[in-house]
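Here are a few exercises to work through with the structure open. Try each task yourself before reading its solution.

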Amino acid sequence: MNRMFTALAILAVLGVTTTKRAHADALIVDLSNHLVAITTGFTGTDVLLFGAVQSEGDVIVTVKGPDQDMVVRRKERKVGIWVNSESATFRNVPAYYTSASNRPMEIIANMQLYSDYRIGLEHQRFVTEIDDKDRNSSHYRDALLRNMRAAGLFNKRPAKISFLSNQLFRTDIHFPANTPTGTYTINVYLIRDGKIASVKTTPLVVSKTGVSAAVYDFAHRYSALYGIIAVIIAIIAGWIASVAFRKR
């Protein structure tokens, strides 16, 4: 509730600012938090995006995580056992992708505009390397999207953007517990008459903090030493447990 009142207050200020700077900005956007801190007990969180427009129009928001390479494998049943066979490698795949709009996207603009600006999952351009000559890459792409949606990292449909007046709007961006770390890019598009009137881009950082961050950093910087320490700790824990049970 407090966050809602705070957001409304900020939106009111943005509305005044928009009036004073109407000649300069058609769109003003900000976040309730530009850092998502992942701690040991992180179970997911929502970040409030809010803003104001100079005059009426439709708003679309896209949130894209850092690019990564992903491999999709096709399983095949051989001698009664399911094994991995052919595969496809996708490059430039966002680790996270979601979108939001105030109205259904199909009535806001045409597909050509979304393709030009790469708005929506179907318009993301992945570089594909496939070693399966018998299958089209679209089968692997569909499997990739299906897996990422099941993991909660790609949204199944755009979230809702709510207009609090003719100028002020807001939406919540959900980050699940398995959100990858990195720098995220949030694009906000103001669309009028099927054309882009203004675009605002703002970054958001997802980062590990606290003890988990220190352990994660150590494990990646000194992987061999981390493995040795893990083995030693396991041996000591096993020895302590055996001594405790022997005394009983």
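Where is the place of I240? It is in helix α6 (residues 223-247); helices here are DSSP runs of H or I with at least four residues, strands are E runs of at least two, and both are numbered from the N terminus.

Some ground rules before going on. This is a predicted model, with local features needing pLDDT of at least 70, side-chain atom pairs counting only at pLDDT 80 or more, and totals for chains, interfaces and linings using all residues. Residues are numbered from 1 along each chain as its sequence is written, and side-chain values use heavy atoms, leaving out hydrogens and water.

**Exercise 1. Classify I240 by accessibility.**

Step 1: take the cut-offs, where buried is under 20% relative accessible area, exposed is over 50%, and partly exposed lies in between (1.4 Å probe, protein chains only).
Step 2: I240 has a relative accessible area of 48%, so call it partly exposed.

**Exercise 2. Look along helix α4 and just past it.**

Step 1: α4 covers residues 137-150, 14 residues in total, and spans 20 Å from first to last C-alpha, close to the expected 20 Å (1.5 Å times one less than the number of residues).
Step 2: pick out its buried residues: Y140, R141, A143, L144, L145 and M148.
Step 3: after α4 comes G152, with a positive phi near 80°.

**Exercise 3. Trace the neighbours of strand β12.**

Step 1: β12 (residues 182-192) runs antiparallel to β4 (residues 58-64), with seven bridges joining them; pairing takes at least two DSSP bridges between two strands.
Step 2: within that pair, D58 has I191 as its bridge partner.
Step 3: β12 also pairs with β13 (residues 195-208), again antiparallel, over eleven bridges.
Step 4: the two form a hairpin with two residues between them, and D193 in the turn has a positive phi of about 55°.

**Exercise 4. Follow the charges, starting at D58.**

Step 1: D58 meets R103 in a salt bridge at 2.8 Å, N to O; the criterion is a side-chain nitrogen of Lys or Arg within 4 Å of a carboxyl oxygen of Asp or Glu.
Step 2: this pair links distant parts of the chain, as D58 in β4 and R103 in the loop between β7 (97-101) and α2 (105-108) are 45 residues apart.
Step 3: compare the ends: D58 is buried at 10% relative accessibility, whereas R103 is partly exposed at 37%.
Step 4: move on to D69 and R91, whose closest N and O atoms are 2.7 Å apart in another salt bridge.
Step 5: add E129, which is linked with D69 and R91 in a network of salt bridges.
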